[in-house]
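Subject: The structure to look through

Hi,

Here is the structure I promised to pass on to you. Have a look at it first, and then read my notes below.

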Amino acid sequence: MPLAMRPGMPRPPLILPLLLLLGSLAACVDIPEVVTPPETPDSGTEPLPDAGGRPDAGPLPDAGPVDTVRPVLLNTSPMGGATEVPTGTPLVLTFSEAMDTASIEVTLQPAVTLRAPTWNQQGSVLTLQHEAELAENTPYTMTVDGEDKAGNPLTGARTFSFTTTGPAPDTTPPTVLATSPVQSSIGNARNALLEVVFSEPMNKSAAEAAFSITSPAGFNSGSFSWNSAATVMTYSVPASFSHGAQVTWQVSTGARDEADNALAETMTRGFRVVRQGSLTVNFDPATSGSVAAPNYFRQTIVYNFEMLGDSEGTNAAYRLFLGFKLDGLPEDLTQISHASLSWWVSHRQGTPFENLGQLWLEPVDVGEQLELSIDEPNPQLVADYHAVPLVAGTEVLQTALGSPGIFNVTSSVVNDWVNRSARGKRTQYRLRFGQGTDNDGVRDVLISDAEFHPKLAELQVSYEYP
């Protein structure tokens, strides 16, 4: 039982209990034996090297694992397969890690000139601008190559494609809107131009190669011409077709438009070339024969004995009229290609060419007949004798006896045919010497005698018709 402290007793010191506590703890703890440390070199001795041959400065730093992970393209703009890409869109490539920028190669097909690259995000995002706008409505393919900073090559998808925006592609095949000559037409010119009107601008070389004349043979070496819009192709034949030729020609589906669309179907056409006819017209007695001034005598329309020049005694000046009816020509003729007048001279008396001046052949209009004039001059016959030529006359050279003088009267016949309603489908001529008479009382005449030449004159006409 502990002692109780009486009031007024002095308090014992605290050191004694502490000593008692320490003593009890010492009895419970093993205290190690003190060991004397080995001697170490003094401060002037060189430190011992470690296993790496360097002074012991502590443990080596940890270098970490080597980078062997290959980079990939995480994203592209435009994305692969994108369409309607604006032509000014820059190209942006995002890599999975920082790249060796000097190793990056970017190519596009079709080829595009690119500006200097721009890098962001510590070398993991590449932006490329093109020098000019990309082509409209065009597919592009981009290929990317390169390495990361550890030398690992790019892996995964490295090629992608996109298509730019622009007008909708032309996929409509061209067609033929019109041709000349018209299909199955007749009466076309022998050197007719063959013309094709397409619905849109064409690839000229392809269209020309697709053209051919399939019949008759030998007409495919001609020349082509085009309008400025490349929609009208014209072919000129190398030579004229024969009269009445049946021509067939075509443009095959080898013809293509500027977008390379083929002609919808082969076009085949055919036409007939103008035919040729000829007509021989005998002289018209009612408007043919000789008339002499100053008495203007004409007693019959029957061809018997006709004169041109001057007569003896009275010095009458004879003029010779030659008329022909054209009603044998077809109304639908397309062209009078040639007309020649033949006049037969049976005799020559005196020297008319030497004494009466130049002989002239003149186209005139004397109507339906030369009026008869027997007892006194008929005013109409007088008017016909002095009729003003329709056009300037043609000089006539000396004509050999027994053979006809032949004169080219194509232009006059053409003019009379054009005006056939007013001229009554007739063509008429007058032969006269420039001087008429030399007043020497001697006959200077050319004579056409029915006894020697039953035909006073004739007209030969060549013409074309459908």
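Buried residues make up 36% of the 466 residues in the chain. Please keep in mind that this is a predicted model. The chain has six helices and 28 strands. Among its contacts with a separation of 6 or more, 76% are between residues 24 or more positions apart.

Let's begin with the nonpolar cores. The largest one has 34 residues. Which of them have the most contacts inside this core? They are Leu322, Phe324, Leu329, Leu341, Trp343, Val409 and Leu459. Several elements give two or more residues to this core, including strand 17 (275-282), strand 20 (317-325) and strand 21 (335-344). Helix 5 (410-418) is also one of these elements, as are strand 23 (359-364), strand 26 (426-433) and strand 28 (457-465).

Val409 is a good residue to click on. Leaving aside its neighbours within four places in sequence, Val409 is in contact with Ala339, Ser340, Leu341, Leu361, Tyr429 and Leu459. There is also a second, separate core, with 25 residues, and this one includes Leu194, Ala207, Ala230 and Ala245.

One of the contacts of Val409 can be followed a little further. Ser340 sits in strand 21, and with a relative accessible area of 9% it is buried. Not counting residues up to four places away in sequence, Ser340 touches Ile406, Phe407, Val409, Glu458, Leu459 and Gln460.

Next, a sheet. Four strands form an open sheet in the order 9-11-14-13, and their pairing is antiparallel. Which strands are at the edges? They are strand 9 (176-180) and strand 13 (223-226), each of which pairs on one side only. On average, neighbouring strands of this sheet are turned by 15° against each other, direction ignored. In the same sheet, strand 11 (residues 194-198) and strand 14 (residues 232-236) run antiparallel and are joined by four bridges. If you want a pair to look for there, Glu195 stands opposite Thr234 in strand 14.

Another residue to visit is Thr164, which belongs to strand 8 (residues 159-164). Is Thr164 buried or exposed? Its relative accessibility is 1%, so Thr164 counts as buried. The side chain of Thr164 reaches the backbone oxygen of Ala135 at 2.6 Å. A polar atom of that side chain also lies 2.9 Å from the backbone nitrogen of Thr138. Apart from residues up to four places away in sequence, Thr164 touches Glu84, Val85, Thr87, Leu134, Ala135, Glu136, Asn137, Thr138 and Tyr140.

Finally, the charged pairs. Side chains of opposite charge can pair when their charged atoms come close. How many salt bridges does a search of the whole structure find? The search finds eleven.

Arg420 forms a salt bridge with Glu331, and their closest N and O atoms are 3.2 Å apart. Arg420 is in helix 6 (residues 420-423) while Glu331 is in the loop between strand 20 and strand 21, so this pair ties together parts that are 89 residues apart in sequence. Glu331 forms a salt bridge with Lys425 as well, the closest N and O atoms being 2.4 Å apart. Because Lys425 lies in the loop between helix 6 and strand 26, and Glu331 in the loop between strand 20 and strand 21, this pair ties together parts that are 94 residues apart in sequence. Glu331, Arg420 and Lys425 are thus linked in a network of salt bridges.

How accessible are the members of this network? Arg420, at 22% relative accessibility, counts as partly exposed. Lys425 counts as partly exposed at 25%, and Glu331 counts as partly exposed at 47%.

One further salt bridge joins Arg423 to Asp416, with the closest N and O atoms 2.2 Å apart. Both Arg423 and Asp416 are buried.

Happy exploring, and write back with any questions!

Best wishes

Methods:
Residues are numbered from 1 along each chain as its sequence is written. This is a predicted model: local features need pLDDT of at least 70, side-chain atom pairs count only at pLDDT 80 or more; totals for chains, interfaces and linings use all residues. Side-chain values use heavy atoms; hydrogens and water are left out. Two strands pair if DSSP finds at least two bridges between them. Axes are lines fitted to C-alpha atoms, for helices over the stretch in contact, and angles run from 0 to 180 degrees between N-to-C directions. A nonpolar core is a set of buried Ala, Val, Leu, Ile, Met, Phe, Trp, Tyr and Cys residues joined through side-chain atoms within 4.5 Å. Buried means under 20% relative accessible area, exposed over 50%, partly exposed in between (1.4 Å probe, protein chains only). Contact means heavy atoms within 4.5 Å. A polar contact is a pair of N or O atoms within 3.5 Å; within protein, one must be able to donate a hydrogen and the other to accept it, and residues adjacent in sequence count only if both atoms are side-chain atoms. A salt bridge is a side-chain nitrogen of Lys or Arg within 4 Å of a carboxyl oxygen of Asp or Glu.
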